[in-house]
Amino acid sequence: MRPHTLEVDGLRKRYGDLVALDGVSFAVNGGELFGFVGSNGAGKTTTMRIMLGVLAADSGAVRFDGEPATRHTRARMGYMPEERGLYPKMKVLDQLVYLARLHGLATNHAHAAAEHWIARLGLSDRRETEVQKLSLGNQQRVQLAAALVHGPDALVLDEPFSGLDPLAVDVMSQVLREKAAAGVPVVFSSHQLDLVERLCDRVGIIRSGQMVAVGGVGELTTGASSQLRVDVSGAPDGWADELPGVRVLRAAQTSTVFELAAGADDQAVLHAALAAGQVTRFDRHRPTLAELFRDVVTAGERP
């Protein structure tokens with residue numbers, strides 16, 4: 001399979017006075033996993049629904065392999081909604097065969113594909129079970145199988161890891177890596193930012209309908225090199241609040257993380273820390289994705 005590309009360009013969407021999306025843009029290349037993260041209501045699901053043609057954008061475009069996405073190209077995508085999109089009274093095997101045939105697979109190919117994903121996702125002993133009788137985690141596995149059963153050229157997954165136990169997370173992670181390695185663009189949303197950081201090649205952070213950061217995980221976290229962590233024992237509360245040229249990002253127990261302004265003197269911070277108590281740590285801080293996300297999101301809430 002040749003690598004494909006999936007591109008979102010300047011999507012805008014309003015619901016009356018509510019601006020749901022305001023110029024959202026990013027691209028996902030074949031061979032990479034793209035993590036799409038944001039707070040509840042930030043615009044992730046709206047963006048994904050527009051990508052799949054479930055919603056229409058007010059303006060902007062979705063492109064597949066450089067061409068505007070059409071009904072035909074969208075049929076080649078696999079979509080996993082956050083809400084259950086399955087028929088609750090259908091048995092697992094029957095459901096997957098039915099969905100594969102809806103995408104144009106011949107009956108024998110549909111059965112083979114359904115059996116493959118049932119086995120691959122650990123559902124063999126549930127193949128004749130009605131979906132409504134499955135645990136939430138197994139329903140999530142069936143939902144992923146439904147997105148994969150027709151051999152899609154791109155994957156758009158909304159909270160695919162929700163409700164999964166650690167073993168199921170490992171299986172699903174491996175499946176997504178395999179699809180990306182085969183040239184399939186994979187974009188998924190998740191609130192499990194440690195998992196996104198570990199699994200994804202690139203990340204996009206959306207806030208209030210706008211993309212506020214897009215890039216490689218290492219690039220985004222290393223780019224915050226202006227952060228400084230100082231651990232001080234015995235310091236009074238608020239010892240760092242009035243230091244010039246710095247902003248306190250996080251303070252917990254004895255540890256404080258600062259953001260240094262351009263040209264700020266980190267030695268001045270060290271001197272203040274030494275005057276406040278016993279310094280046990282003083283170094284540049286590379287934030288986790290969760291810390292970066294928190295900083296980016298709360299930055300938009302400050303006046």
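1. A salt bridge is taken here as a side-chain nitrogen of Lys or Arg within 4 Å of a carboxyl oxygen of Asp or Glu. By this rule the predicted model holds 15 salt bridges. Because the model is predicted, local features need pLDDT of at least 70 and side-chain atom pairs count only at pLDDT 80 or more, whereas totals for chains, interfaces and linings use all residues. Residues are numbered from 1 along each chain as its sequence is written, and side-chain values use heavy atoms, with hydrogens and water left out.

2. One of these salt bridges joins the side chains of E83 and R49, at 3.2 Å from N to O. This pair links distant parts of the chain, since E83 sits in the loop between strand 6 and helix 3 while R49 belongs to helix 1 (residues 44–51), 34 residues apart; helices (H or I, at least four residues) and strands (E, at least two) are DSSP runs numbered from the N terminus. E83 is partly exposed, with a relative accessible area of 42%, and R49 is likewise partly exposed at 26%. The classes follow fixed limits: buried means under 20% relative accessible area, exposed over 50%, and partly exposed in between, with a 1.4 Å probe and protein chains only.

3. R76 and D153 also meet through their side chains in a salt bridge, at 2.8 Å from N to O. R76 lies in the loop between helix 2 and strand 6 and D153 in the loop between helix 5 and strand 7, so this contact ties together parts of the chain that are 77 residues apart in sequence. On the accessibility scale, R76 is partly exposed, with a relative accessible area of 24%, whereas D153 is buried at 13%.

4. Towards higher residue numbers, the side chains of R284 and D266 form a salt bridge of 3.6 Å, N to O. As R284 is in strand 14 (residues 278–284) and D266 is in helix 9 (residues 266–276), the pair ties together parts that are 18 residues apart in sequence. R284 counts as partly exposed, at 47% relative accessibility. Elsewhere, E7, D9 and R63 are linked in a network of salt bridges.

5. The aromatic side chains deserve a separate point. Rings of Phe, Tyr and Trp (its six-membered ring) pair if their centres lie within 6.5 Å, and planes under 30 degrees apart count as stacked, over 60 as edge-to-face and the rest as tilted. Five aromatic pairs are found by this rule. Y87 and Y98 make an edge-to-face pair, 6.0 Å centre to centre with 70° between the planes. Y87 lies in the loop between strand 6 (77–80) and helix 3 and Y98 in helix 3, so that the pair links distant parts of the chain, 11 residues apart. Y87 is partly exposed at 42% relative accessibility, as is Y98 at 36%.

6. A second edge-to-face pair is that of F161 and F188, whose ring centres are 5.5 Å apart and whose planes stand at 70°. F161 is in the loop between strand 7 (154–158) and helix 6 (166–181) and F188 is in strand 8 (residues 186–189), so parts that are 27 residues apart in sequence are tied together. Both rings belong to buried residues, F161 with a relative accessible area of 1% and F188 with 0%. In addition, F26, F34 and F36 form one aromatic cluster.

7. Y98, which is found in helix 3 (residues 92–102), returns on the surface, where Y87, Y98 and L102 form a nonpolar patch with about 320 Å² of accessible area together. Such patches are made of residues with over 30% relative accessible area and no salt bridge, with like charges joined within 9 Å and nonpolar side chains (Val, Leu, Ile, Met, Phe, Trp, Tyr) within 5 Å; the areas come from the Shrake-Rupley method with a 1.4 Å probe, and for residues only the protein chains shown count as cover.

8. The last point concerns empty space. On a 1 Å grid over the protein atoms alone, a cavity is a set of points where a 1.4 Å probe fits but cannot get out, and a pocket is an open set with protein on both sides within 12 Å along at least five of seven lines, lining residues having an atom within 4 Å of a point. The largest pocket has a volume of about 600 Å³. Of its 23 lining residues, M77, Y79, H103, A146 and H150 are the closest to its centre. Helix 2 (71–74), strand 6, helix 3 and helix 5 (136–148) are the elements that give two or more residues to this lining. The largest cavity, of about 30 Å³, is lined by L121, R141, L164, A168, V171 and M172, and helix 6 gives the most to that lining, with three residues.

Notes. Grid points are joined across faces, edges and corners, and a volume is the space filled by probe spheres set on the points.
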